[in-house]
Amino acid sequence: AEKGWAQAAKDISNAGILGTLAIMMENSGAGALVQVPAIPRPEGIAFPDWLVCFQSFSFILAVPPVHTEAVLALFRSRNITAEIVGTVTKEPLVVLHDQGEQQPLFDFRREKITGIRFEPSGSGGAATKHEK
């Protein structure tokens with residue numbers, strides 16, 4: 001944050017890594033393509049359990065490609081696991097990719113988690129609550 005490398009960040013909450021990522025995308029008015037196998041996990045925990053558990057010290061960041069390697073190096077220099085797990089998209093859809101297959105997780109054109117979404121306005125944007 002101090003270096004201005006990340007455009008958005010969120011701590012992983014009770015929604016687990018995929019739910020938290022989806023909330024961040026919904027709140028940003030964006031979507032994501034998630035490469036599920038790229039999500040790091042500790043040894044000894046089943047992957048499905050890891051995806052939905054509350055991780056007490058984990059974060060999701062949205063970082064422009066120009067800063068990705070610097071952000072990864074910063075985390076790794078402090079012995080913190082950091083990986084690229086996907087790409088932010090303009091389409092308000094979170095899609096999971098795994099072994100050549102894809103599955104939509106959320107389509108924010110028809111669904112909501114929090115209903116809070118950033119929408120640009122003439123002077124900089126605002127967070128609004130949608131009641132669709």
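Here's a quick tour of the nonpolar core, one helix and the salt bridges in this structure. Keep in mind that the model is predicted. The largest nonpolar core has 21 residues, and a search of the whole structure turns up 5 salt bridges. In between, we'll stop at helix α3, which runs over residues 65-76.

**The nonpolar core**

- Start with Ile-17, Leu-18, Leu-21, Met-25, Val-34, Ile-39 and Val-94, which touch the most other members of the largest nonpolar core.
- Two or more residues of this core come from each of these elements: α1 (16-28), β2 (31-35), α2 (47-52), β3 (59-62) and β5 (93-98).
- The largest share belongs to α1, with 6 residues.
- A pattern like this is familiar: in soluble globular proteins, nonpolar side chains tend to be buried together.
- For a look from one spot, pick Val-34: leaving aside residues up to four places away in sequence, Val-34 touches Leu-18, Leu-21, Ile-39, Val-85, Gly-86, Val-94, Val-95, Leu-96 and His-97.

**Helix α3 and its two faces**

- Helix α3 has 12 residues, and from its first C-alpha to its last it reaches 17 Å, close to the 16 Å expected at 1.5 Å a residue.
- Which residues of α3 are buried? They include Thr-68, Val-71 and Leu-72.
- Those residues sit on the same side of α3, because they cover an arc of only 100° around the axis.
- The general rule behind this is that an α-helix has 3.6 residues a turn, so residues three or four places apart point the same way.
- What do the buried residues of α3 pack against? Their partner is β3.
- Turn to the face pointing away from the buried side, and you'll find the exposed residues Val-66 and Glu-69.

**Salt bridges**

- Arg-76 pairs up with Glu-83 in a salt bridge, with the closest N and O atoms 3.3 Å apart.
- Both ends of that bridge are partly exposed: Arg-76 has 39% relative accessibility, and Glu-83 has a relative accessible area of 44%.
- Asp-107 has a salt bridge to Arg-109 (2.9 Å, N to O), and Asp-107 also forms one with Arg-110, where the closest N and O atoms are 2.9 Å apart.
- Is Asp-107 buried or exposed? Asp-107 is buried, with a relative accessible area of just 4%.
- Its two arginine partners are another story: Arg-109 counts as partly exposed at 44% relative accessibility, while Arg-110 is exposed at 68%.
- Add Glu-91 and you have a network of salt bridges linking Glu-91, Asp-107, Arg-109 and Arg-110.

Key:
Residues numbered from 1 in each chain as written. Predicted model: local features only at pLDDT ≥ 70, side-chain atom pairs only at ≥ 80, totals over all residues. Heavy atoms only, no water. Core = buried A, V, L, I, M, F, W, Y, C linked by side-chain atoms within 4.5 Å. Buried < 20%, exposed > 50% of the residue type's maximum accessible area, 1.4 Å probe, protein only. Helix = DSSP H or I, 4+ residues; strand = E, 2+ residues; numbered from the N terminus. Contact = heavy atoms within 4.5 Å. Expected span 1.5 Å × (residues − 1). Arc of directions from axis to C-beta. Salt bridge = Lys/Arg side-chain N within 4 Å of Asp/Glu carboxyl O.
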